[in-house]
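Trainee: Could you walk me through this one? I'd like to start with what holds the middle together and then poke at some single residues.

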Amino acid sequence: AAFGCAFILAVGLLAQQLVERNAKHHTQQELALFLALRHAALSDVFASMATEVKSASHNHMLPNATHQLSAIWRQLSEQEKHNLLSNIQVNKASAQHSPHVKAYLAEHQMFEPYAKQFIKHFGYYDLFLISPDGDVVYSYAKEADFGSNLKHGPYAQSSLADVFNQAMQDDATHMI
């Protein structure tokens, strides 16, 4: 009788271990599937974003605005750059503004409707135009990164700077 009880107990323990092992394996398979699905979804999002940005770059508005705003930006004094955000919010080029500020505000006003439509169409939060020197010469959201330099400014270690640096590397690679 003791042998029978020990045998039943041993079989019960083995069955419990087998059930636990199967449950663990099943859970691992479900997690692996979930991870694969999330990876595929994120890959699709990034591929879609890359296609949208590449497509937008072929629209003459984007490269033209980047070129124009970058050229004007280089001519602005540090004080004018610093005050630019408040000038944009007022959205008037007064007589007291320098010709460079007036030129920036005019170019900004021409590009802003395109940026608004782009953001609305693709569902983005912000749209940046960044000069080859790393200056954020346009930002639709006009947050703290607007006017900063992604090479040596406070956002040089940001994700935006990483994307800028990668784009500059890719551009240099395609030029060779």
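Trainee: Let's start inside: how many residues are in the largest nonpolar core?

Mentor: Keep in mind that this is a predicted model. Look at Trp73, Leu84, Tyr104, Phe111, Leu127, Leu129 and Tyr138, which have the most contacts inside the largest nonpolar core. The elements giving two or more residues to this core are α2 (61–75), α3 (78–90), α4 (99–122) and β2 (136–139). The core's total comes to 22 residues.

Trainee: Which element gives the most to this core?

Mentor: Take Phe111, one of the residues with the most contacts inside the core. Leaving aside neighbours within four places in sequence, Phe111 is in contact with Met61, Leu62, Ala65, Leu127, Leu129 and Tyr138. As for the biggest giver, it supplies 8 residues, and that element is α4.

Trainee: How many residues does the other core have?

Mentor: That one lies apart from the largest core. Among its members are Ile130, Val136, Leu160 and Ala161. Its count is 6 residues.

Trainee: Zooming out, what pattern does the protein follow along the sequence?

Mentor: The secondary structure comes to 5 helices and 2 strands. Read along the sequence, the order is α-α-α-α-β-β-α.

Trainee: And what percentage of the residues count as buried?

Mentor: For the outside, the accessible surface comes to about 12,300 Å², with 62% of that belonging to carbon and sulfur atoms. For the inside, the count runs over the 176 residues of the protein, and the buried share is 28%.

Trainee: Of the contacts with a separation of 6 or more, what share comes from residues 24 or more positions apart?

Mentor: One pair that shows such a separation is Tyr140 and Lys116, 24 residues apart in sequence and in contact. Over the protein, residues 24 or more positions apart account for a share of 45%.

Trainee: Is Glu107 buried or exposed?

Mentor: Glu107 sits in helix α4, and its contacts beyond four places in sequence are Ala65, Gln68, Leu69 and Ile72. Glu107 and Thr66 are 41 residues apart in sequence, yet 9.9 Å apart in space, C-alpha to C-alpha. The relative accessible area of Glu107 is 14%, which is under the 20% cut-off, so Glu107 is buried.

Trainee: What is the relative accessible area of Ser139?

Mentor: Ser139 has its place in strand β2. Not counting residues up to four places away in sequence, Ser139 touches Asp126, Leu127, Phe128, Asp145 and Phe146. Ser139 is buried, and its relative accessible area is 0%.

Trainee: How does Tyr140 count in terms of accessibility?

Mentor: Tyr140 lies in the loop between β2 and α5. Setting aside neighbours within four places, Tyr140 is in contact with Glu112, Ala115, Lys116, Ile119, Tyr125, Asp126 and Leu127. Tyr140 and Lys116 are 7.5 Å apart, C-alpha to C-alpha. Buried would need under 20% and exposed over 50%, so at 23% relative accessibility Tyr140 counts as partly exposed.

Trainee: What is the phi of Lys142?

Mentor: Lys142 is in the loop between β2 and α5 (159–175), and at 14% relative accessibility Lys142 counts as buried. Most residues other than glycine have a negative phi. Lys142 isn't glycine and still has a positive value, near 55°.

Trainee: Last stop, the second largest pocket: which element gives the largest share of its lining?

Mentor: The second largest pocket has a volume of about 240 Å³. Its lining has 15 residues, with Trp73, Lys81, Phe146, Gly147 and Ser148 nearest the centre. By type, the lining divides into 5 nonpolar, 6 polar and 4 charged residues. The largest share is 4 residues, and that comes from α3.

Definitions and conventions:
Residues are numbered from 1 along each chain as its sequence is written. This is a predicted model: local features need pLDDT of at least 70, side-chain atom pairs count only at pLDDT 80 or more; totals for chains, interfaces and linings use all residues. Side-chain values use heavy atoms; hydrogens and water are left out. A nonpolar core is a set of buried Ala, Val, Leu, Ile, Met, Phe, Trp, Tyr and Cys residues joined through side-chain atoms within 4.5 Å. Buried means under 20% relative accessible area, exposed over 50%, partly exposed in between (1.4 Å probe, protein chains only). Contact means heavy atoms within 4.5 Å. On a 1 Å grid over the protein atoms alone, a cavity is a set of points where a 1.4 Å probe fits but cannot get out, and a pocket is an open set with protein on both sides within 12 Å along at least five of seven lines; lining residues have an atom within 4 Å of a point. Grid points are joined across faces, edges and corners, and a volume is the space filled by probe spheres set on the points. Ala, Val, Leu, Ile, Met, Phe, Trp, Tyr, Cys and Pro count as nonpolar, Asp, Glu, Lys and Arg as charged, and the others, Gly among them, as polar. Accessible areas come from the Shrake-Rupley method with a 1.4 Å probe; for residues, only the protein chains shown count as cover.
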